[in-house]
Amino acid sequence: MSTVDQAGADRSSEETSVQLHARAGRAVLVGHDGNQMREVDPRSLALPSDLTAALHEWAEVAHALVPNDHEPVGGTAGDLVTRRGRQLAGRLATELGLPIAYADPVSGEVVEVEPSVATEEPVEEDFADDLPVREPTPWATGLTVTVVVAGMVAVAVASLSFALAQASLWLAVIANVVVIGGLSPSVWLARDVPVWRWVALGVASGLVLAWAALLLSLLGPATTVPTS
């Protein structure tokens with residue numbers, strides 16, 4: 001009996017020691033196999049393909065925002081990385097049937113996420129209960145926000161580009177690449193957030209319009225005013 005109890009204790013210790021990390025742009029599970037600590041790629045486990053793909057996508061975005069582990073990242077981008085990581089940790093815990101210690105790449109905090117407890121109600125009933133709660137898509141308000149944000153971003157970026165192009169065309173191109181590289185992670189993370197997705201769409205549209213205006217101005221013939 002003592003051997004069985006010891007085995008059960010070892011098993012419980014191993015279960016609670018499984019951690020989810022985002023390292024170098026990939027998601028890894030860290031745990032003790034009885035002899036040493038090991039890192040395991042979630043794709044090597046019997047997990048749904050959409051879950052493993054979402055885990056690695058989250059890790060790539062986290063690496064883009066936080067190149068160095070636990071480097072402070074404020075604002076919406078850091079919150080979205082943390083929230084998405086906890087959601088995926090919950091799905092992972094449910095699939096594996098054991099607690100997952102989620103290591104937040106933004107704050108470094110380790111939070112234990114328990115697997116979801118199966119209810120006696122059929123899954124179809126849970127989905128049916130959730131459907132009435134969904135609010136209709138606010139197309140009018142959302143598109144209005146998108147147009148306003150797109151106009152602001154287009155004017156700002158185009159003004160910056162034209163001003164820098166007077167000094168050097170390459171300087172304007174480099175500045176635009178830096179702006180796009182800095183905004184891309186936040187836009188990508190906000191694409192599924194109910195309110196911020198309209199802002200993200202506006203930012204992306206504004207950048208496209210600014211680039212189009214810059215290219216048209218460069219390709220168009222230079223006009224000169226005749227002097228008498």
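**Entry 1: the nonpolar patch**

I began with the term itself: a patch is made of residues with over 30% relative accessible area and no salt bridge, and nonpolar side chains are joined within 5 Å. The model I am reading is a predicted one. With that rule in hand I looked up L169, L215, L218 and L219, which form a nonpolar patch on the surface with about 400 Å² of accessible area together. I then asked which helix gives the largest share of the nonpolar patch. That share, 3 residues, comes from helix 7, which covers residues 196-219. I checked L218 on its own, and found L218 in helix 7 and partly exposed, with a relative accessible area of 44%.

**Entry 2: helix 7 and what it packs against**

I next compared the length of helix 7 with expectation: at 1.5 Å a residue its 24 residues should span 34 Å, and its end C-alpha atoms are 35 Å apart, which agrees. Turning to the buried side of the account, I listed W198, A200, G202, V203, G206, L207, A210 and L214 as buried in helix 7. I kept in mind that an α-helix has 3.6 residues a turn, so residues three or four places apart point the same way. Against which helices do the buried residues of helix 7 pack? I found that they pack against helix 5 (139-167) and helix 6 (169-189).

**Entry 3: T146**

To see one contact in detail I went to T146, which has its place in helix 5. I noted T146 as buried, because its relative accessible area is 7% and buried means under 20%. Its side chain reaches the backbone oxygen of W198 at 3.0 Å. Leaving out residues up to four places away in sequence, I recorded that T146 touches W198, L201 and G202. Of these, W198 and G202 are also among the buried residues of helix 7.

**Entry 4: the chain as a whole**

I stepped back to the overall layout and counted 7 helices and 5 strands in the protein chain. Read along the sequence, their order follows the pattern α-β-β-β-α-α-β-β-α-α-α-α. The protein chain has 228 residues, of which 30% count as buried. I also looked up how far apart in sequence the contacting residues lie: among contacts with a separation of 6 or more, residues 24 or more positions apart account for 56%. For the surface, I noted that the chain exposes about 14500 Å², with carbon and sulfur atoms supplying 61% of it.

**Entry 5: helix 2 and the loop before it**

I repeated the length check on helix 2, whose 17 residues should span 24 Å at 1.5 Å a residue; its end C-alpha atoms are 25 Å apart, which agrees. The buried residues of helix 2 are L51, T52, A54, L55, H56, W58, A59, V61, A62 and L65. In the loop between strand 3 (37-40) and helix 2 (49-65) I found A46. Is A46 buried or exposed? I have A46 down as exposed, with a relative accessible area of 83%. I also noted that A46 and E95 are 49 residues apart in sequence, while their C-alpha atoms are 8.9 Å apart in space.

**Entry 6: salt bridges**

I finished with the charged pairs, for which the count comes to 7 salt bridges. In one of them the side chains of R26 and E39 meet at 3.7 Å, N to O. This pair links distant parts of the chain, R26 being in strand 2 (residues 26-32) and E39 in strand 3, 13 residues apart. I marked R26 as partly exposed at a relative accessible area of 37%, and E39 as partly exposed at 42%.

I then looked at D41, which forms a salt bridge with R43, the closest N and O atoms being 3.2 Å apart. Here D41 is partly exposed, with a relative accessible area of 23%, whereas R43 counts as exposed at 56%.

My last pair was R86 and E109, whose side chains meet in a salt bridge at 4.0 Å, N to O. This pair too links distant parts of the chain: R86 is in helix 3 (residues 75-96) and E109 in the loop between strand 4 (100-103) and strand 5 (110-113), 23 residues apart. I recorded R86 as partly exposed at 39% relative accessible area, and E109 as partly exposed at 43%. I closed the entry with the network in which salt bridges that share partners join R23, R26 and E39.

Technical notes:
Residues are numbered from 1 along each chain as its sequence is written. This is a predicted model: local features need pLDDT of at least 70, side-chain atom pairs count only at pLDDT 80 or more; totals for chains, interfaces and linings use all residues. Side-chain values use heavy atoms; hydrogens and water are left out. Patches are made of residues with over 30% relative accessible area and no salt bridge: like charges are joined within 9 Å, nonpolar side chains (Val, Leu, Ile, Met, Phe, Trp, Tyr) within 5 Å. Accessible areas come from the Shrake-Rupley method with a 1.4 Å probe; for residues, only the protein chains shown count as cover. Helices (H or I, at least four residues) and strands (E, at least two) are DSSP runs, numbered from the N terminus. Buried means under 20% relative accessible area, exposed over 50%, partly exposed in between (1.4 Å probe, protein chains only). The expected span of a helix is 1.5 Å times one less than its number of residues. Contact means heavy atoms within 4.5 Å. A polar contact is a pair of N or O atoms within 3.5 Å; within protein, one must be able to donate a hydrogen and the other to accept it, and residues adjacent in sequence count only if both atoms are side-chain atoms.
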